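Reader: I am new to this structure. Please pick one part, look at it closely, and then show me what lies around it.

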Amino acid sequence: MGDRMIADANCAEYLFSKREPFTRLMEHWVMGNSFRLKVTNDKGKTDVYGVNYNPYFMVINPIRYYDPNRKTGDKDHPPYTSYFTELCWENNARSNDTNCLELKKEFKNPAESWKSCKSPYKGTVRRFSPNRIGTRSPPGGPHTVYTDALFNEPSLEKFDFAIKQVIGGTFSPQGSIGLDVVDFDSPSVCGPN
């Protein structure tokens, strides 16, 4: 059905050592779903009905990353979680990074910085993309196919708790569809969110 991919400690440390921007450490949520139904009519002809799609959602300035070395949690950290702002304080790293310089000027320690509404890393910069969407149906549509709530069990016959899916024809775009990146930041948005 879907995956959530987040940066891990190795990725964070690598990008930090290369002085890459933190925005390269995005969270990526992707979902893929499809159904395909083959129906043979009384004349022996097989018709195929189908839909597939895989939209995704990205958090471009995430607050956290997966840290396998932080096995236990505390009041500030869930288990296996570290915060990007903490990297600004490690080994005088990022001494020329604008965001780190601003954080260090404003805060005495990393714990204060990642909880702050002033942090640049709080998960507010996001992008959604419908990505690839495709449909297939015999000529003469639109056609109705019924599935369960999870897009499974496709059938031409209605069944209990079925969801009606209407397929208008065959559509298979080349490439993907992308929407703009949006920053949902406001003075009241604070980490973790």
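Author: Start with three words: a residue is buried under 20% relative accessible area, exposed over 50%, and partly exposed in between, using a 1.4 Å probe and protein chains only. This is a predicted model, where local features need pLDDT of at least 70, side-chain atom pairs need 80 or more, and totals for chains, interfaces and linings use all residues. Numbering runs from 1 along each chain, and side-chain values use heavy atoms, without hydrogens or water.

The part to look at is helix α1. Helices (H or I, at least four residues) and strands (E, at least two) are DSSP runs, numbered from the N terminus. Helix α1 spans residues 9-17. Which of its residues are buried? They are Ala9, Ala12, Leu15 and Phe16. These four sit on the same side of α1, because they cover an arc of only 140° around the axis. That arc is taken from the directions between the helix axis and the C-beta atoms. Now turn to the face pointing away from the buried side. Asn10 and Ser17 are there, and they are exposed. So much for the helix.

Next, the strands. Two strands pair if DSSP finds at least two bridges between them. Begin with β1, which covers residues 2-5. β1 runs antiparallel to β2 (residues 27-31), and four bridges join them. At this pairing, Met5 faces His28 of β2. Move on from β2. Strand β5, residues 56-59, is joined to β2 by four bridges, again antiparallel. Here Trp29 stands opposite Phe57 in β5.

Now follow β5. It pairs with β8 (residues 125-129) over four bridges, in the antiparallel sense. Tyr56 has Ser129 of β8 as its bridge partner. Then take β8. Its antiparallel pairing with β12 (residues 181-183) counts three bridges. Arg126 is set against Val182 of β12.

Look next at an open sheet. It has three strands, in the order β3-β4-β9, and the pairing is antiparallel. Its edges are β3 (33-40) and β9 (133-136), and each of these pairs on one side only. Between β3 and β4 (residues 46-53), the antiparallel pairing runs over eight bridges. One place to find it is Asn33, which stands opposite Tyr53 in β4.

One more strand deserves a stop. Strand β6 covers residues 64-66, and Tyr66 lies in it. Is Tyr66 buried, partly exposed or exposed? Tyr66 counts as partly exposed, because its relative accessibility is 36%.

Finally, go to the loop between β10 (143-147) and β11 (163-167), where Glu153 is found. Phe161 lies in this loop too. Their backbones call for a look. Most residues other than glycine have a negative phi. Glu153 has a positive phi, near 55°. Phe161 has a positive phi as well, near 65°. What about their surroundings? Glu153 counts as exposed, because its relative accessibility is 57%. Phe161 is exposed too, because its relative accessible area is 78%.

Go back to α1 to finish. Find Leu15 and Phe16, among its buried residues. Then find Asn10 and Ser17, exposed on the face turned away.
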